[in-house]
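Colleague: Before I rely on labels such as buried, core or salt bridge, I would like to hear the reasoning behind each of them. Could we go through them one at a time, with the structure open in front of us?

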Amino acid sequence: MSELSKRAAKYYFIQGIKLVMVSLLVLIFGGVMWTFFSMGEANAFEHVLNMIFSFGTLFMIMLNFLYSMYSPAWYDSLVLSMGARRKDVFFGELLKQITFIIGTVLIYIILAVSLHRPEHIITILTCSIISLLMGAVGLIVGHKIKKYGRVVYIIFVFVNAALFATIGIRQADGKTLIDAHADSRYVIVSAALLLFAILEFVVYRINKKAMVV
């Protein structure tokens with residue numbers, strides 16, 4: 001591996017760690033807020049835990065999608081300007097996403113085990129696969145809209161953040177969308193992995209034409 005490739009890989013790895021930290025800070029902030037608003041309610045502790053796991057896994061999907069969408073116009077362009085090759089950018093993006101997802105999943109699994117909530121682990125792992133898929137989707141969208149400028153990215157961020165905030169949050173019965181379709185979970189995971197492989201091939205083809213913005 002050349003020095004430029006190593007530098008690109010290090011850069012993307014650090015970005016992945018930063019995303020893990022963002023996810024952790026949001027988890028802590030959300031936990032404090034939900035605890036405050038749930039004080040005095042019956043089963044307040046259970047409600048806070050349910051919100052942490054449901055919102056946290058949703059946020060993992062949303063953050064990976066949004067940052068991947070922004071990457072072609074910022075992170076990837078910056079790495080290319082340093083002299084890295086396009087394939088370094090492709091594998092670097094993959095490294096960043098995997099680092100973020102693994103780090104975030106470990107945080108939630110440790111939380112689930114320490115709080116004796118092993119039933120959440122399957123949902124966490126399922127959402128991690130969906131997050132990986134949405135990262136590929138984000139890159140494709142990012143490559144398609146980067147020619148319109150970063151103002152378009154900001155609009156997309158707000159629109160998609162609002163969309164993610166309104167879907168996947170726990171329903172009235174206290175289940176996430178993934179929990180509600182538990183019987184189809186393996187189908188969802190298999191389909192997500194297949195789509196991810198297909199979309200990564202598309203990303204690789206698109207990335208071969210990537211340029212400094």
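Colleague: What makes the pair Asp88 and Arg85 a salt bridge?

Modeller: In this predicted model, the side chains of Asp88 and Arg85 meet with an N to O distance of 3.3 Å, and because the cut-off is a side-chain nitrogen of Lys or Arg within 4 Å of a carboxyl oxygen of Asp or Glu, the pair qualifies as a salt bridge. The partners are not covered alike, since Asp88 counts as buried at 11% relative accessibility, whereas Arg85 counts as partly exposed at 41%.

Colleague: How many salt bridges does a search of the whole structure find?

Modeller: The search finds two. Besides the pair just described, Lys96 forms a salt bridge with Glu93, and their closest N and O atoms are 3.2 Å apart, which is again within the 4 Å limit.

Colleague: How do you know by what part of the helix Lys96 and Glu93 are separated?

Modeller: Both residues belong to helix α4 and are three residues apart, so about one helical turn separates them. The general reason is that an α-helix has 3.6 residues a turn, so residues three or four places apart point the same way.

Colleague: Are Lys96 and Glu93 buried or exposed?

Modeller: Buried means under 20% relative accessible area; Lys96 has 1% and is therefore buried, and Glu93, with 2%, is therefore buried as well.

Colleague: Why is Arg117 called buried, with a relative accessible area of 14%?

Modeller: Arg117 is placed in the loop between α4 and α5, but the label rests on accessible area, and because 14% is under the 20% limit, Arg117 counts as buried. Leaving out residues up to four places away in sequence, Arg117 touches Phe45, Glu46, Leu49 and Ala112. Of these, Leu49 is 68 residues away in sequence, while the two C-alpha atoms are 9.2 Å apart in space.

Colleague: What makes His116 count as exposed?

Modeller: His116 lies in the loop between α4 and α5, and because exposed means over 50%, its 65% relative accessibility makes His116 exposed. His116 also has a positive phi of about 60° although it is not a glycine. Most residues other than glycine have a negative phi.

Colleague: Why is α5 described as largely enclosed by the rest of the structure?

Modeller: The description follows from a count, because 20 of the 27 residues of α5 are buried. One residue in this helix is Cys127, which counts as buried at 4% relative accessibility. Cys127 and Leu58 are 69 residues apart in sequence, yet 7.4 Å apart in space from C-alpha to C-alpha.

Colleague: How do you know that the length of α8 agrees with what its residues should span?

Modeller: Helix α8, residues 185–207, has 23 residues, which at 1.5 Å a residue should span 33 Å, and its end C-alpha atoms are 31 Å apart, so the two values agree. Among the buried residues of α8 are Val189, Phe196, Leu199 and Ile206.

Colleague: Which residues have the most contacts inside the largest nonpolar core?

Modeller: This core has 41 residues, and those with the most contacts inside it are Ile52, Met60, Met69, Phe100, Ile101, Tyr108 and Ile124. Helices α1, α2, α4, α5 and α8 each supply at least two of its residues, and α2 gives the most, with twelve. Phe100, one of the residues named, touches Met60 and Leu63, among others, when residues up to four places away in sequence are not counted.

Colleague: What makes Ser68 count as buried?

Modeller: Ser68 is in helix α2, and its relative accessible area of 0% is under the 20% limit, so Ser68 is buried. Its contacts, leaving aside neighbours within four places in sequence, are with Gln97, Gly135, Gly138 and Leu139.

Colleague: Why is Met21 called partly exposed?

Modeller: Met21, placed in helix α1, has a relative accessible area of 42%, and because this lies between 20% and 50%, Met21 is partly exposed. Met21 forms a nonpolar surface patch with Phe13, Ile14, Ile17 and Leu95, and together they have about 390 Å² of accessible area. Helix α1 provides the largest share of the patch, four residues.

Technical notes
Residues are numbered from 1 along each chain as its sequence is written. This is a predicted model: local features need pLDDT of at least 70, side-chain atom pairs count only at pLDDT 80 or more; totals for chains, interfaces and linings use all residues. Side-chain values use heavy atoms; hydrogens and water are left out. Patches are made of residues with over 30% relative accessible area and no salt bridge: like charges are joined within 9 Å, nonpolar side chains (Val, Leu, Ile, Met, Phe, Trp, Tyr) within 5 Å. Accessible areas come from the Shrake-Rupley method with a 1.4 Å probe; for residues, only the protein chains shown count as cover. Buried means under 20% relative accessible area, exposed over 50%, partly exposed in between (1.4 Å probe, protein chains only). The expected span of a helix is 1.5 Å times one less than its number of residues. A nonpolar core is a set of buried Ala, Val, Leu, Ile, Met, Phe, Trp, Tyr and Cys residues joined through side-chain atoms within 4.5 Å. Contact means heavy atoms within 4.5 Å.
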